[in-house]
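Visitor: I'm new to this one. Could you take me through a single part of it, up close?

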Amino acid sequence: MTNKIFKRLCACLILATMMFGLTAEFISAGSVAQAAVDGSTTGQTDADDLSEFVGKTFAICEGTSFEDTLKEEIPGEYKLLQFKTTTDAAEAVVSGKADIAVMDYPVAKLAAGNHKELGVYSKKLKPYENGWAFRKGDKRRDEFSAVLEKFDKDGTLKRLMDKWTSGNASDKTIPEQSWPGSKGEIVFTSSPDYEPVYYMGEGGQILGYDVELMLLACKELDYHVKFVGLNFDGMMPALASGKTDLLGGGLAIKEERKKTMDFTYPEYQGATTLVVRKDGPLGDGIEQEYSDELIVNSLEEMKGKEYATIKGSVVPELVAEVVPEAQAAIFNSFADCLAALKSGRVDMMIASKPIALLFSNQNPEIGISDVNIKDDRNAFGFAKNSPLTAKFDEVIEKYKKDGTLAKLEEIWMGTDESKKVVDKSGLTGENGTIRVWADNTSIPMSYIGDGGELIGYEVDLFYRIARELGMNVEETTADFDALISALTAGKCDAIIGCLTITDERKQRIDFSIPEYEGAITVLSKKKNAEINNEGFFESLKNSFYNTYIVESRWKMILQGLGVTIVISVASAIIGLIFGFCLCMIRRSKVKVASKLVAIFVRIIQGTPIIVILMILYYIIFGSTDVSGVVIAVIGFSINFAAYSSEMMRSGINAVSDGQREAALALGLTNRQSFFMVVFPQAATHFIPVLKGEFISMVKMTSVVGYIAVEDLTKISDIIRSRTMDAFFPLISTAVIYFILANVLILAISFFEKKVDAKKRPRVVKMK
């Protein structure tokens, strides 16, 4: 809670500073920003980041690869103690013989749970994948890989890991082998002292994550399993000699090991993890520990609670069918939903399973409940009676059968970010172009990735199908609630973005056959999630790094700023010209024209700008391919013209008729008297008011994201959807708008001085 209070105070200070114009004293964010650039965040492995471990004493288990990792990662001298078991390594830290114990993550988490003096350090040295290992060429490897992949997708792996690393001993039981075992017996070998992965319980019973997972896999495949315990250094010789069929127990998948054994699909994502004393010199860096118990974990617990979902989602209708007492809070994006859940503004968040899995994996204080609101089928959307529907159905069906969909699920719902790339090459366009609109925040289905590029499971699939059909793709990103409107208005040919198939939507659009089948599920905070041990400045540094440095997101902000400036300046110039014309017509002696202009001005002034933009985009220009930026300029020009015309008219009326009469008496024509005498004086009256209206227009451009324009505010939303952190994206957006507004005010003020003769310097020439 302290961290949240500090962030809010910091935000208030920044906004207060902007109001008083003290931009040069932007608190101490400059030093924080520099620290973020020079330093690193959790999970980084550069030398500066790990220098705090130099000179420390590390405790590891014999036969593990942790010694090699320490040599690679620690940028200096250190001491090493080797022990037979992880229990001994943990005890060494408790007793003070070692400063740090090095373990696999689940083992480290359990060790910290069993010793109140210990905690898991927030920095991980080296991530890796752990798998089961078969002898080279054993065909059973493929069977078990397929089952592990299935368990990964349906959440079984996560559920088992949470179970065996928790402190609730009563839950740690394993199923009996009650199935036939028609395929015979398989021998599984692991180190017997590797709690919570594989260990001996009371009465000599074999327990652990690997044990239960192996039993579930064997039940699925109809094998019986025999468990054999060996010391870690004896496991690989046993596999090579044929004394066992496969190895488990936190075996890291390495290229060197692949030469002598075949690994299955990863059973869990591991990391070289550090365990330290809470009261020691590294105690401030201990990561947050959470209870596995959720605040909301049943339909009964949902009653009377508030949940977050996005605009345009079918979730409110589905929830009303099963828990009518639950209340909906509607947000613009999933990032906003998650922020509301983490801050406690809502009790839960409801979303499709892929999004829920990703959010729970990225945020340890969040968990997926046991509640499934409804089975969910996601599909591409097409216009009614579109010939594209049948073409896409044919390819999707083919990809289901040949395993392409399963391959894409593995990539986009996995943790290896390096694989998450969409190949957009090879599009011939010989059979035409598909205009597709995609939601830009539906991670991992459709979202903005590196450098502002649209990526995701559905995006990857869409491009593959387009390539297969010999078609080109023209993509546009937009908010989820704009997708169906854009499709029905003819702005696009297809829409994607975790789109659930419903009967109501079928009345307006056509769906392809499902390309992903999951469930609408519930995300909830864990019961002690309010605790946060991360320091304020460490949190600020990480937020800065993730907002600006990762994936060069500062470039995206500059691109969004450029769009905002173009719309603002172009709208101001065109709006002033149009406004002057309206003003002249309004002052003309042609009463019909004057009356029509007056009505037009009143209509524009009485209509919200967002409604004007939507009418232009979806109705007037609905069937055209006019750019959203152009439409935004047209909309804001019309709006600005309506206001500026009235300001000009008031300024002209403020100039006395005597000025015009004097000019005419001097021999000037009506036109000359207006432009040389009346209008310059009128400008001194309306420019100060016009200046405020112009700044208001600049700030109002923040709504252009509703018509698929990626301006500064929209880019901020996109970044928040990736980082799940609102602090720097929102603060930086506020600061940039403030600076931009002040720069434009200075420019207008300079022009104002040139126009106003009273403000121009007077020079007396002496003869």
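Guide: Let's look at how one pair of helices packs together. This is a predicted model, where local features need pLDDT of at least 70, side-chain atom pairs count only at pLDDT 80 or more, and totals for chains, interfaces and linings use all residues. Residues are numbered from 1 along each chain as its sequence is written, and side-chain values use heavy atoms, with hydrogens and water left out.

Two packed helices are described by the angle between their axes and the distance between the axes. Our pair is helix α17, residues 404-412, and helix α18, residues 457-468. Helices here are DSSP runs of H or I, at least four residues long, numbered from the N terminus. α17 and α18 pack at an angle of about 145 degrees, and their axes sit 9 Å apart. Those axes are lines fitted to C-alpha atoms over the stretch in contact, with angles running from 0 to 180 degrees between N-to-C directions.

So who does the touching, counting heavy atoms within 4.5 Å as contact? From α17 come Thr404, Leu405, Leu408, Glu409 and Trp412, and α18 brings Tyr457, Asp460, Leu461 and Arg464. Sorted by class, that contact has 5 nonpolar, 1 polar and 3 charged residues. Here Ala, Val, Leu, Ile, Met, Phe, Trp, Tyr, Cys and Pro count as nonpolar, Asp, Glu, Lys and Arg as charged, and the others, Gly among them, as polar.

For a glimpse of another helix, try α5, residues 86-95: Thr86, Ala89, Ala90, Ala92, Val93 and Val94 are buried there, meaning under 20% relative accessible area with a 1.4 Å probe, protein chains only. Glycine 96 follows α5, and its phi is positive, near 90 degrees. Cysteine 218 is buried too, at a relative accessible area of 0%, and cysteine 61 counts as buried at 9% relative accessibility.

Notes:
Helix = DSSP H or I, 4+ residues; strand = E, 2+ residues; numbered from the N terminus. Contact = heavy atoms within 4.5 Å. Buried < 20%, exposed > 50% of the residue type's maximum accessible area, 1.4 Å probe, protein only.
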